[in-house]
Amino acid sequence: MKGSSDTKRAPNAGATAENGDVGGEEGIDLDLRPGGMLVQKREEVGFKSAGPMIRIKVSYGSSIHDISVPAQSTFGEMKKVLAQETGLEPQEQRLLFRGKQKDDEEYLHMVGVKDMSKVILLEDPESKERKLEALNRDHSISKACEAVASVKTEVDKLAEKVSALEMAWRGGTKVADKEFVVVTELLMRELLKLDGIKAEGEAKVQRRIQVCRIQSLVETVDNLKARNSNPFSDSSKAVSVSTQWETFDSGVGSLSAPPPMPSTNETQHWEHFD
């Protein structure tokens, strides 16, 4: 093969043209990378312009990227190549040459970019800010999920206590009212913890699930307590205790006492005998 070239043709390829361009439809185009490594030329970047290839040094942070592009390509086409090298999408890139930012439509050769020229790559500030916000949001959701998981662990333990109380009551054991009061207070503490967790996305869904669990367990304890107080009453006529929940903006329910039952005025009718 004549002369030095950045682009080479694999064996059985067509004839080699001037400046290292290759002709023919068979064979594989190869790029010569720094260090003499040959890699298959990327086909995804479609350059509208032909011509000799030039090597450009692109400074991105503390890294230097050597890329090869046609001398008459645009900065927009150059960004597509850099997207493969850096992971930055073209719309997230800002390219500076000789201290000035270049538009995508500008041609390299028209502004003086030559072989071994240096171009500076910066990440778009708005893009960087969006990524930072997304990172903080993900971190916040992760912390919220951990907090909800911690509450879930405690609720699981309390659910076992509620089951034990129910088994004792069904077994005919008289349970002290204090046992029901303690479990209810512990459940309400976990509900308050959930109320203090700022959650979004999946964490919000998990928090809501635990809120519903706690509300259901509290109502179960209330019913058990009422039946335990009067174990000999007819179960078909047992009073069903319904706990009323007040919902706040956070979506978490808070326990509130049921309204007092309306007073009943009794009238006694006496039968008079002669």
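The largest nonpolar core in this predicted model has 24 residues. Those with the most contacts inside it are F180, V183, L187, L194, I197, I214 and L217. Which elements give two or more residues to this core? They are α2, residues 125-170, α3, residues 177-195, and α4, residues 201-229. Of these, α2 gives the most, with 8 residues.

L217 offers a view of the packing. Leaving aside residues up to four places away in sequence, L217 touches V155, A159, V162 and L187.

Apart from this core lies another, made up of 18 residues. V58, V69, V81 and V111 are among them.

Let me turn to helix α1, which covers residues 75-86. Its 12 residues, at 1.5 Å a residue, should span 16 Å, and the end C-alpha atoms are indeed 16 Å apart, so the expected and modelled spans agree. Which residues of α1 are buried? They are F75, G76, E77, M78, K79, V81, L82 and A83. The cover over these buried residues includes four strands: β4 (53-60), β5 (63-70), β6 (93-97) and β8 (118-123). After α1 comes G87, with a positive phi near 90 degrees.

Two of the covering strands, β4 and β5, deserve a further word. In what sense do β4 and β5 pair, parallel or antiparallel? Their pairing is antiparallel and runs over 8 bridges. Within it, I56 has I67 in β5 as its bridge partner. The two strands form a hairpin with 2 residues between them. In that turn, G61 has a positive phi of about 65 degrees.

Technical notes
Residues numbered from 1 in each chain as written. Predicted model: local features only at pLDDT ≥ 70, side-chain atom pairs only at ≥ 80, totals over all residues. Heavy atoms only, no water. Core = buried A, V, L, I, M, F, W, Y, C linked by side-chain atoms within 4.5 Å. Buried < 20%, exposed > 50% of the residue type's maximum accessible area, 1.4 Å probe, protein only. Contact = heavy atoms within 4.5 Å. Expected span 1.5 Å × (residues − 1). Pairing = 2+ DSSP bridges.
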